[in-house]
Amino acid sequence: MIAEMDSELLSLRALSTERLALFCEFASGGSIAAAVGDDLGKQTQASRWIADLEKSIGFPLTERRGRHLAVNAVGARLARILRGRFEELDEFVRKERDELVTLRIGAGNSVIEWMLAPRLGEAHTMFPRCAFDIENLRTDAILLGLNDLTLDLGVVRAEAIPAGSTKEQARGLSIGTLPFAEVHYRLFVPVAMLPEKPLPDIAQLLAILPLATSKGGHFNARLKAAAHDAGITLAVRLACASFTQAAQAVRKGAFAGILPDTAAAALPAAEFRNLDITPLALPPRKLVLAWNRRLAAIRPLIGDVANLLSKTGVPSGRR
């Protein structure tokens with residue numbers, strides 16, 4: 001109850017909405033400059049506000065990392081609490097005003113282009129008062145965004161979800177999930193690059209064709225291990241930052257590519273052969289939609305959109 005709270009603490013200017021919002025921006029951005037920009041006057045004011053906040057509540061929220069000030073573990077916890085309160089207030093106001101609600105979704109580039117973006121058309125039709133803000137992020141950044149309440153949904157590898165975090169009783173981050181896709185890997189070859197019949201077997205093609213693929217750490221490690229186990233030396237000639245970059249290189253006709261089967265959307269069958277790479281025994285990648293249960297309790301739309309994007313049933317976080 002508010003009446004039972006420290007009235008002196010509540011009266012402090014250091015706890016004004018503006019200053020607490022600034023602290024959240026500082027925590028999210030990782031520095032004062034990221035929170036307020038390059039204006040030195042604003043940076044000085046922000047530093048003073050943060051110092052006043054620490055003095056008022058009686059314990060440190062920041063630490064020095066080299067030349068820069070950053071939140072410590074306690075400050076990060078406070079920022080999560082504050083974001084939750086701001087999100088709850090924002091949700092209440094927008095709902096009562098019948099305003100547009102924006103869902104922030106994090107995913108990798110190839111997932112966005114080949115799987116997520118095509119599904120959002122139906123989501124927009126079903127939820128016309130919802131807008132979508134998609135960010136191209138790596139798995140670690142997505143999980144951090146879910147934890148910090150700066151993302152509403154994320155598409156990540158199933159095995160990337162921290163152990164125990166999907167359980168209601170888990171301490172700290174509690175994640176709800178739904179299956180999103182099971183991605184298999186294929187060999188995409190420009191038709192003009194293939195030799196005349198008879199077509200060599202896949203193991204030969206993998207060894208002789210100049211290959212383009214993603215150099216992503218998780219995938220690259222699995223690909224190398226699979227090639228080693230199969231006794232195949234891959235002729236990788238183009239290591240790209242993403243699968244979509246590799247697909248673009250394949251589309252130009254100079255490379256074949258080991259790509260997710262969803263790349264078929266960018267590489268039409270009339271021009272590119274889509275071949276099984278069974279000799280590599282490369283396991284499929286299982287993707288899930290993930291969300292923070294605490295935030296979903298505030299914004300039920302998160303679960304509704306997740307359910308639609310997954311199309312597999314009621315989200316576990318809302319049962």
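Two open sheets and a pocket

Author: Helix H1 (residues 7–10) has the lowest mean pLDDT among the elements of the protein, 52, and strand E5 (residues 153–157) the highest, 96. Here pLDDT is the predictor's confidence in each residue, from 0 to 100, and helices (H or I, at least four residues) and strands (E, at least two) are DSSP runs numbered from the N terminus. The model is predicted, so local features need pLDDT of at least 70 and side-chain atom pairs 80 or more, while totals for chains, interfaces and linings use all residues. Residues are numbered from 1 along each chain as its sequence is written, and side-chain values use heavy atoms, without hydrogens or water.

Reader: What is the mean pLDDT of the protein?

Author: The mean is 84, and 89% of the residues reach 70 or more. Residues 1–5 stay under 50 and have two contacts (heavy atoms within 4.5 Å) beyond four places in sequence. Residues 313–319 are also below 50, with 18 contacts beyond near neighbours in sequence.

Reader: What makes E4 and E6 edge strands?

Author: The sheet is open, with five strands in the order E4-E3-E5-E12-E6 and mixed pairing. Strand E4 (130–136) and strand E6 (175–183) each have a single partner strand, so one side of each lacks a neighbour in the sheet. Its neighbouring strands are turned by 25 degrees against each other on average, direction ignored.

Reader: How do you know that strand E3 is paired with E5?

Author: Pairing requires at least two bridges found by DSSP. Strand E3 (residues 101–107) and E5 run parallel and are joined by two bridges, so they count as paired. Gly106 has Gly154 in E5 as its bridge partner.

Reader: Which strands stand at the edges of the sheet E9-E8-E10-E7-E11?

Author: In this open sheet of five strands, also with mixed pairing, strand E9 (236–240) and strand E11 (272–276) each have a single partner strand, so one side of each is left free of a neighbour in the sheet. The twist averages 30 degrees from one strand to the next.

Reader: What is the volume of the largest pocket?

Author: The volume is about 600 Å³, taken as the space filled by probe spheres set on the grid points. A pocket is an open set of points on a 1 Å grid where a 1.4 Å probe fits, with protein on both sides within 12 Å along at least five of seven lines; lining residues have an atom within 4 Å of a point. Of its 25 lining residues, Gly108, Arg138, Thr139, Arg157 and Arg285 are the closest to the centre. Helix H9 (217–230) gives the largest share of the lining, four residues.

How values were computed:
Axes fitted to C-alpha atoms, helices over the stretch in contact; angles between N-to-C directions.
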